[in-house]
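Here is a friendly walk through one chain, meant to be read with the structure open beside it. Let us begin with a question and work outward from there.

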Amino acid sequence: MGANSSSISDLPENEYLKKLSGAEPISENDPFWNQLLSFSFTTPTNSADLKLLEEATISICKSLVEKNPRTGNLGALIKVFLSRTKELKISAECQNHLFIWQAHNALFIICCLLKVFISRMSEEELQLHFTYEEKTAGSYGTECEDLIEELLCCLIQLIVEIPLLDITYSISLEAVTTLIVFLSCQLFHKEILRESIIHRYLMHGRCLPYTSRLVKTLLYNFIRQERSPPPGAHVFQQQTDGGGLLYGIASGVATGLWTVFTLGGVGSKPSPQLEQCSPLANQSLLLLLVLANLTDAPDTPNPYRQAIMSFKNTQDSTAFSSSNPHAFQINFNSLYTALSEQQKSDQATLLLYMLLHQNGNVRTYVLARTDIENLVLPILEILYHVEERNSHHVYMALIILLILTEDDGFNRSIHEVILKNITWYAERVLTEISLGSLLILVVIRTIQYNMTRTRDKYLHTNCLAALANMSAQFRSLHQYAAQRIISLFSLLSKKHNKVLEQATQSLRGSLGSNDSPLPDYAQDLNVIEEVIRMMLEIINSCLTNSLHHNPNLVYALLYKRDLFEQFRTHPSFQDIMQNIDLVISFFSSRLEQAGAELSVERVLEIIKQGAIALPKDRLRKFPELKFKYVEEEQPEEFFIPYVWSLVYNSAVALYWNPQDIQLFTMDSG
């Protein structure tokens with residue numbers, strides 16, 4: 001770039017970049033590479049800086065795309081990087097800043113170039129660019145396509161083998177980012193990629209033996225949440241003792257090449273957002289989700305998904321199954337803590353969903369925890385702030401609750417956990433409430449929000465399924481939770497009457513006119529009656545299984561007994577109303593016998609006494625309410641676009657032109 005360069009706009013005229021993308025081939029042993037790779041900068045960490053970088057260097061990238069078939073300079077750059085990574089582990093142990101610094105810079109340039117190449121050509125064309133060497137135009141090297149595999153394998157080795165230190169943090173992050181870029185060809189296809197050259201390399205051959213180590217390392221990166229070291233910690237320091245040829249080259253070139261190109265600057269203060277998070281943890285989690293959601297190969301199931309499905313706790317001494325070569329062990333306590341602390345992000349919630357749904361070892365461990373509130377409370381907060389969350393995040397949180405409520409032990413234990421002062425719940429001051437009652441309140445609030453706003457049947461169904469799973473184990477319901485159950489039924493009842501009235505009026509109006517089609521009130525009525533039926537089954541399940549544990553629910557039922565009158569003779573609800581009608585009649589009679597002007601405390605006392613006196617055989621038994629989450633057919637049609645939308649919106653140091661994206665529309669991301 002030269003000592004006189006002062007802005008990013010000078011990059012297109014940088015002599016080293018122009019030579020890299022020019023018509024002359026550059027030998028792997030040329031001193032040019034030392035000059036090219038001796039620049040100092042802080043890796044850009046936001047899309048605005050990266051957009052500036054991409055716009056400034058696009059002419060360089062286009063030139064390389066055009067000239068590379070004759071020069072093979074992309075392959076030469078990759079080989080230079082590969083040769084320098086062979087001693088990275090020793091360099092890290094010996095604190096060799098210069099060696100790591102230049103290897104990082106080489107990888108950064110490769111990543112920037114790859115991103116442009118992948119967004120502008122097919123995988124087959126990309127593969128060809130890796131085969132060109134310094135020969136006559138259009139000729140191919142003897143190594144052919146192996147250079148892609150060698151680079152992919154090198155990146156994986158770098159991630160799993162190089163110790164994470166201040167001086168290696170940036171190159172570890174760059175390796176993870178480059179793997180994401182390699183897989184980003186999916187972004188530029190509307191259809192799900194079921195056969196991909198890059199996928200094939202990652203699922204077969206030299207990369208395959210590293211599957212479990214890569215998944216384990218990415219998980220530990222997420223668990224540890226290592227923050228980025230202070231700016232400049234990874235850059236070669238000129239005050240370092242020593243010298244030699246490389247030092248002379250670096251100190252001479254770094255003052256003139258890219259030292260002014262810092263996009264924030266070496267030594268500048270990081271943004272508050274970056275101070276609070278770990279770029280490596282975030283990027284590792286995104287890569288893990290991308291790998292786990294690759295489609296199966298025709299002859300091989302996705303090994304990364306297999307690894308995620310089968311890993312065990314470090315305290316589990318049972319033998320690994322011989323049928324899964326990708327199993328490994330990880331510290332479940334640390335994983336549980338990280339999952340509990342990171343639920344504000346979509347990607348952490350998606351990881352939790354995947355582990356609970358696919359890994360029986362993790363699910364068993366989570367359900368056995370005695371501090372389950374640490375995990376459940378963040379999930380409830382996601383649902384409580386439904387207005388601020390995207391619909392996918394809300395769905396994942398809700399499905400997690402549904403999976404947890406499939407377990408009777410969970411449904412019992414949540415009523416034994418007493419919480420104090422839930423500050424984020426704004427509708428009412430909750431000084432003391434059980435986790436179970438709070439869960440009911442939040443789910444009911446989600447249903448009510450959905451009824452008035454989104455009207456999503458899928459959301460309704462899963463909310464009600466979670467309540468139904470818990471209903472037989474409702475214990476000591478908080479009075480406010482009991483009131484909200486009946487209030488929701490009241491809301492549904494009013495909705496039912498309104499739709500019924502609209503249907504009647506519409507039918508009368510249609511008798512005199514055949515011009516306009518009738519609104520489908522029958523379908524609306526059918527949906528609302530299904531929901532009402534479900535609510536009645538939930539109330540009935542609680543009454544038949546744990547009546548004596550829930551005086552507050554009986555109190556709320558008696559207080560609003562008139563609500564249930566219209567459903568006693570309704571053909572859709574007659575059977576389920578029998579028990580509710582019996583309970584209302586039984587306790588109403590006892591209250592009448594006790595006289596008028598009863599205090600709330602006295603009413604509750606009478607209810608508690610009556611619950612003991614009511615013969616259990618008088619309540620009709622219905623089949624147990626149990627709903628199990630079943631993943632939809634072809635889940636990749638949902639999860640792959642979702643994961644890539646998270647990468648697009650959340651990845652550190654990655655920017656794609658929104659006009660190039662084909663996989664999803666920008667408003668869906």
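How many of the 15 residues of α23 are buried?

## A helix inside the fold

The model is a predicted one, and in it 12 of the 15 residues of α23 are buried, so this helix is largely enclosed by the rest of the structure. Helix α23 runs over residues 457–471 and reaches 21 Å from its first C-alpha to its last, close to the 21 Å expected at 1.5 Å a residue.

If you would like to pick out the buried positions, they include Leu 459, His 460, Asn 462 and Cys 463. Further along the helix, the buried set also includes Asn 469, Met 470 and Ser 471. What lies over them? The cover for the buried residues of α23 includes α20 (391–404), α21 (408–413), α22 (435–452) and α25 (521–546).

## The chain as a whole

Stepping back, the chain has 29 helices and four strands. Of its 669 residues, 55% are buried. Contacts between residues at least 6 apart in sequence join residues at least 24 apart in 76% of cases. The chain exposes about 29600 Å², and carbon and sulfur atoms supply 49% of that area.

Confidence is worth a look before going into detail. The mean pLDDT is 85, with 87% of residues at 70 or more. Two stretches call for care: pLDDT stays under 50 over residues 136–145, where the model has 20 contacts beyond four places in sequence. It also stays under 50 over residues 235–275, for which the model has 72 such contacts.

## The nonpolar core

In soluble globular proteins, nonpolar side chains tend to be buried together. Here, the largest nonpolar core has 231 residues, and Leu 438 and Phe 564 have the most contacts inside it. Helix α6 (residues 97–120) gives the most to this core, with 13 residues.

Which residues does Phe 564 touch, not counting residues up to four places away in sequence? They are Ile 486, Phe 489, Leu 536, Ile 539, Leu 557, Met 577, Ile 580 and Ile 584.

## Around strands β3 and β4

Leu 438 turns up again beside the loop between β3 and β4. Leu 430 lies in that loop and counts as buried because its relative accessibility is 3%. Beyond four places in sequence, Leu 430 touches Leu 438, along with Lys 420, Asn 421, Ile 422, Tyr 425, Leu 441, His 478 and Tyr 480. The C-alpha atoms of Leu 430 and Leu 419 are separated by 8.8 Å, with their positions 11 residues apart along the chain counted as sequence separation.

Asn 421, one of the contacts of Leu 430, lies in the loop between β3 (418–420) and β4 (432–434). Its backbone deserves a glance: Asn 421 has a positive phi of about 50° although it is not a glycine. Most residues other than glycine have a negative phi. Gln 225 is another residue other than glycine with a positive phi, near 50°. Gln 225 sits in the loop between α11 (211–224) and α12 (244–254), and counts as partly exposed because its relative accessibility is 22%.

## A buried asparagine and a proline

Is Asn 579 buried or exposed? With a relative accessible area of 2%, Asn 579 is buried. This asparagine lies in helix α27 (residues 574–594). Leaving out residues up to four places away in sequence, Asn 579 touches Asn 540, Thr 544, Arg 618, Leu 619, Arg 620 and Phe 622.

Towards the other end of the numbering, Pro 12 is in the segment before α1 (15–20). Pro 12 counts as partly exposed, at 21% relative accessibility. Beyond its neighbours within four places in sequence, Pro 12 is in contact with Lys 18, Ala 56, Ser 59 and Ile 60. The C-alpha atoms of Pro 12 and Thr 57 are separated by 5.8 Å, although these residues are 45 residues apart along the chain.

## Cysteines without disulfides

How many disulfides does a search of the whole structure find? The search finds zero. For Cys 154, the closest cysteine sulfur is in Cys 153, and at 7.9 Å this is too far for a bond.

The surroundings of the cysteines can be read from their accessibility. Cys 154 is buried, with a relative accessible area of 8%, whereas Cys 94 counts as exposed because its relative accessibility is 57%.

How values were computed: Residues numbered from 1 in each chain as written. Predicted model: local features only at pLDDT ≥ 70, side-chain atom pairs only at ≥ 80, totals over all residues. Heavy atoms only, no water. Helix = DSSP H or I, 4+ residues; strand = E, 2+ residues; numbered from the N terminus. Buried < 20%, exposed > 50% of the residue type's maximum accessible area, 1.4 Å probe, protein only. Contact = heavy atoms within 4.5 Å. Areas by Shrake-Rupley, 256 points an atom, 1.4 Å probe, with all protein chains shown as cover. Core = buried A, V, L, I, M, F, W, Y, C linked by side-chain atoms within 4.5 Å. Expected span 1.5 Å × (residues − 1). Disulfide = S-S within 2.5 Å. pLDDT = per-residue confidence, 0-100.
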